[in-house]
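User: Please take a close look at one part of this model, the side-chain pairing, and set it against its surroundings. Give the cut-off for each term as you go.

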Amino acid sequence: QVHLVESGGGLVQPGGSLRLSCATSRSIVTIYAMGWYRQTPGKQRELVAEFTSGSITNYADSVKGRFAISRDNAKNTVYLQMSSLKPEDTAVYYCRAQVVRGKGVDDYWGPGTQVTVSS
């Protein structure tokens with residue numbers, strides 16, 4: 001079992017920055033993949049950024065060059081640094097962890113944190 005708690009969301013003006021945090025109840029080094037997703041009403045949840053074992057990172061095209069995912073293994077925390085924010089970045093942001101168990105993968109999600117980009 002992995003518990004995830006996101007924090008750092010809020011209201012920011014266009015062009016501003018925010019840093020989201022995702023604290024995990026399990027050592028990050030034992031987690032196969034961790035990432036950030038976002039969702040707006042009526043739309044499917046979409047990948048924002050993730051890293052997998054081996055430190056491979058993936059970003060959505062819409063955030064490349066603006067967002068950066070990072071982690072602090074000692075604090076069991078994953079971050080999403082968001083810069084040059086746009087109104088279209090407004091969404092609920094979720095943290096996801098995928099843990100290998102046997103031949104399968106268990107999927108865990110945090111409750112989400114709201115990010116609103118508006119003037």
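Analyst: **Surface patch, salt bridges and core**

Tyr32, Val100 and Val105 make a nonpolar surface patch of about 270 Å². Such a patch joins nonpolar side chains (Val, Leu, Ile, Met, Phe, Trp, Tyr) within 5 Å, from residues with over 30% relative accessible area and no salt bridge; areas come from the Shrake-Rupley method with a 1.4 Å probe, and for residues only the protein chains shown count as cover.

The model is predicted: local features need pLDDT of at least 70, side-chain atom pairs count only at pLDDT 80 or more, and totals for chains, interfaces and linings use all residues. Residues are numbered from 1 along each chain as its sequence is written, and side-chain values use heavy atoms, with hydrogens and water left out. On pLDDT, the predictor's confidence in each residue from 0 to 100, the protein chain averages 94, and 99% of the residues score at least 70.

Val105 belongs to strand β10 (residues 104-109); strands are DSSP runs (E, at least two residues), numbered from the N terminus. Val105 counts as partly exposed because its relative accessible area is 47%, where buried means under 20%, exposed over 50% and partly exposed in between.

Six salt bridges are found in the whole structure, each a side-chain nitrogen of Lys or Arg within 4 Å of a carboxyl oxygen of Asp or Glu. One of them joins Arg96 and Asp107 at 2.8 Å, N to O. Arg96 is in strand β9 and Asp107 in strand β10, so this pair ties together parts 11 residues apart in sequence. Arg96 is buried at 16% relative accessibility, whereas Asp107 is partly exposed at 38%.

Arg38, Glu46, Arg66 and Asp89 form a network of salt bridges. Within this network, Arg38 meets Glu46 at 2.8 Å, N to O, and Asp89 at 3.0 Å, N to O. The second pair links distant parts of the chain, with Arg38 in strand β4 and Asp89 in the loop between β8 and β9, 51 residues apart. Arg38 is buried at 7% relative accessibility and Asp89 is buried at 1%, while Glu46 is partly exposed at 37%.

Strand β4 also holds Trp36, which is buried at 0%. The C-alpha atoms of Trp36 and Glu46 are 8.7 Å apart. Tyr93 touches both Trp36 and Arg38, among others, where contact means heavy atoms within 4.5 Å.

Notes:
Helices (H or I, at least four residues) and strands (E, at least two) are DSSP runs, numbered from the N terminus. Buried means under 20% relative accessible area, exposed over 50%, partly exposed in between (1.4 Å probe, protein chains only). Patches are made of residues with over 30% relative accessible area and no salt bridge: like charges are joined within 9 Å, nonpolar side chains (Val, Leu, Ile, Met, Phe, Trp, Tyr) within 5 Å. Lists of a residue's contacts leave out its neighbours within four places in sequence.
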